[in-house]
Amino acid sequence: VFAQHRLQPTASGLSWAMMDHRMLARLSDYDDRRRLQQDVSELISSRRTALKLQVERFGDVELCSLSGTVPIHYRGNQYNIPIRILLDTTYAAKPPRVSVTPTKDMGIHDRHPTVDGRGVIRMAYLQQWRPLDRQASNLLGLVSFIMTEFSRSPPVYDLAAAARLDRERAEQVPVALMQPEQRDRSQLVSRMEQANLAGMDIEDDLVLPADGTEDEPGWLARSCSEEAVRQEEARRIAQQQEALRRDEARHAAQQQEAPREEEARREAQQQQAIFERNPMNTTSADQWGVCGRQLNALSKDVKEEIRAERTGPNPNVITVVKEYIIPKCTADSVSYSILINPNGLKCDTFVSHAWLGPFFALIDELRGYYEDFETRVFWIDFLAAPQTWPSQEADRLMFTGAVVHSRFATALLQCDHVVVVRNTNCNLYTRLWCVAELALAREFKKKRQGDWDWAANAREWYWDEGAMLGPRR
């Protein structure tokens, strides 16, 4: 029995991110405050736990900690295990310190596989902590690992229930120490229970005399007929043989399945190694840029290689990605920007646009707006993100929690300018990502091109000119 702690409601991811900014801004002793803020916000906004953010003082140093409960599921029930995560000033160069914090009604199990007698948690996730790989080592992943391990083997127990069980065991009298008549009654009850389970009939005259005296010593032998005993023995032997046959069949199936499982495991490890070595993982998002000169070359290649009779004279971005970008990048399994710039190219201008817009018009608008177009480096989503990856792997690369922590947000934050390119095919702000990019640009207070109005009234900035290039619809 575990203590039932009520889960506290949490705020939205963006609200938590803003609160982290305010609370963590004064923690000047941390070497990497940005990583600290990202990991803490991602964990709390996930709503998977009831952990609360605290700032604790240790001498002259203030440290961030997370205290509360994490839910586990054990034998069909949910329990809440109290833990505490303490983040040293060197986080994330060193893993956090995690411990179980039992209440006064709880005890910690002896010889628990992952928790010592003092409550300190020692798990493989912490031992294999990789500071430079945030996707593999972060607070949300750590808490998920703890919940999985504790669901297999809970680290705490109810002290009152354990004491009650010990008392009940101490009060039981061993059969060897019983008086003869008590032992006979105990054995009779046991035989009667076995007979009922086996479906045997108990003779009607098997009752003790009303005066409480014992019948002749042979009364116990009449509890079951000899034929019923033989039938029970035959049934028991048949059940054992059937269980043995099932075990042999299960063992043979496991022997046949083992090679396939091993092959699948090796293939998964190879895919993971390829994923980790991919340049998309070793290059930061703000390096996924293409310069204007490269955009001119791309526009020329698209005109030459895509047949106009099949796609029309002015295909949209979706068609160009399907007909040109994906075939070009499939062999190397990278984005187009990394394909032409293997070492990355630092971008300075973030381009917000809609994929339904015409491709050539997008390039023409940027070329006509910037005098330094050929040397300016642009971050354009369909060229920066890998278009050939499976959706699960692509999401794993581009998103690490809330939108404010995505690779899109990282690139936008590092760019000096943000430009919006409209089109005649669709209203740009019927596209949710375009709205999100605009909100992020406003949140990050990015430099504005032209007379872009950032007024809160949507009608004012929606129809404003300036850096909103292209005809509006």
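Student: Let's start with Cys415: is Cys415 buried or exposed?

Tutor: Buried means under 20% relative accessible area. This is a predicted model, and in it Cys415 has 0% relative accessibility, so Cys415 counts as buried. Cys291 is buried as well, with a relative accessible area of 9%.

Student: How many disulfides does the structure hold?

Tutor: The general idea goes like this: a disulfide is a covalent bond between the sulfur atoms of two cysteines. Here the structure holds zero disulfides.

Student: Okay, but why is there no bond between Cys415 and Cys347?

Tutor: To count as a disulfide, the two sulfur atoms have to be within 2.5 Å. The cysteine sulfur closest to that of Cys415 belongs to Cys347, and it sits 3.4 Å away, so that's too far for a bond.

Student: Next, the sheet. In what order do the strands come?

Tutor: In general, strands of a sheet pair through backbone hydrogen bonds, either parallel or antiparallel. In this case four strands make an open sheet, ordered 1-2-3-4, with antiparallel pairing. Strand 1 (52-58) and strand 4 (97-100) are at the edges with a single partner strand each, so each has one side without a neighbour in the sheet. On average, neighbouring strands here are turned by 30° against each other, direction ignored.

Student: How many bridges join strand 3 to strand 4?

Tutor: Four bridges link strand 3 (residues 77-87) to strand 4, and the two run antiparallel. Take Ile83 as an example: its bridge partner in strand 4 is Val100.

Student: Which strands does helix 2 touch?

Tutor: Helix 2 (residues 33-45) packs on the sheet and touches strand 1, strand 2 (61-74) and strand 3. Its direction makes about 30° with that of strand 2. Helix 4 lies across strand 2, strand 3 and strand 4, at about 40° to strand 2.

Student: Where does Asn138 lie?

Tutor: Look at the loop between helix 3 (124-127) and helix 4 (139-152): Asn138 is there. With 8% relative accessibility, Asn138 counts as buried. Among the residues Asn138 touches are Asp39, Tyr91 and Trp129.

Student: Last one: how do helix 9 and helix 13 pack?

Tutor: With two helices, look at the angle between their directions. Helix 9 (residues 292-305) and helix 13 (residues 359-369) pack at about 155°, with axes 11 Å apart. Angles over 145 degrees count as roughly antiparallel, so helix 9 is roughly antiparallel to helix 13. The contact includes Leu295 and Val302 of helix 9, along with Phe359 and Ile363 of helix 13. As for handedness, helix 9 passes helix 13 in a left-handed crossing.

Key
Residues are numbered from 1 along each chain as its sequence is written. This is a predicted model: local features need pLDDT of at least 70, side-chain atom pairs count only at pLDDT 80 or more; totals for chains, interfaces and linings use all residues. Side-chain values use heavy atoms; hydrogens and water are left out. Buried means under 20% relative accessible area, exposed over 50%, partly exposed in between (1.4 Å probe, protein chains only). Contact means heavy atoms within 4.5 Å. Two strands pair if DSSP finds at least two bridges between them. Axes are lines fitted to C-alpha atoms, for helices over the stretch in contact, and angles run from 0 to 180 degrees between N-to-C directions. Angles under 35 degrees count as roughly parallel, over 145 as roughly antiparallel, 65 to 115 as roughly perpendicular and the rest as oblique. A crossing is left-handed if the near helix is turned anticlockwise from the far one by less than a right angle, and right-handed if clockwise. Lists of a residue's contacts leave out its neighbours within four places in sequence.
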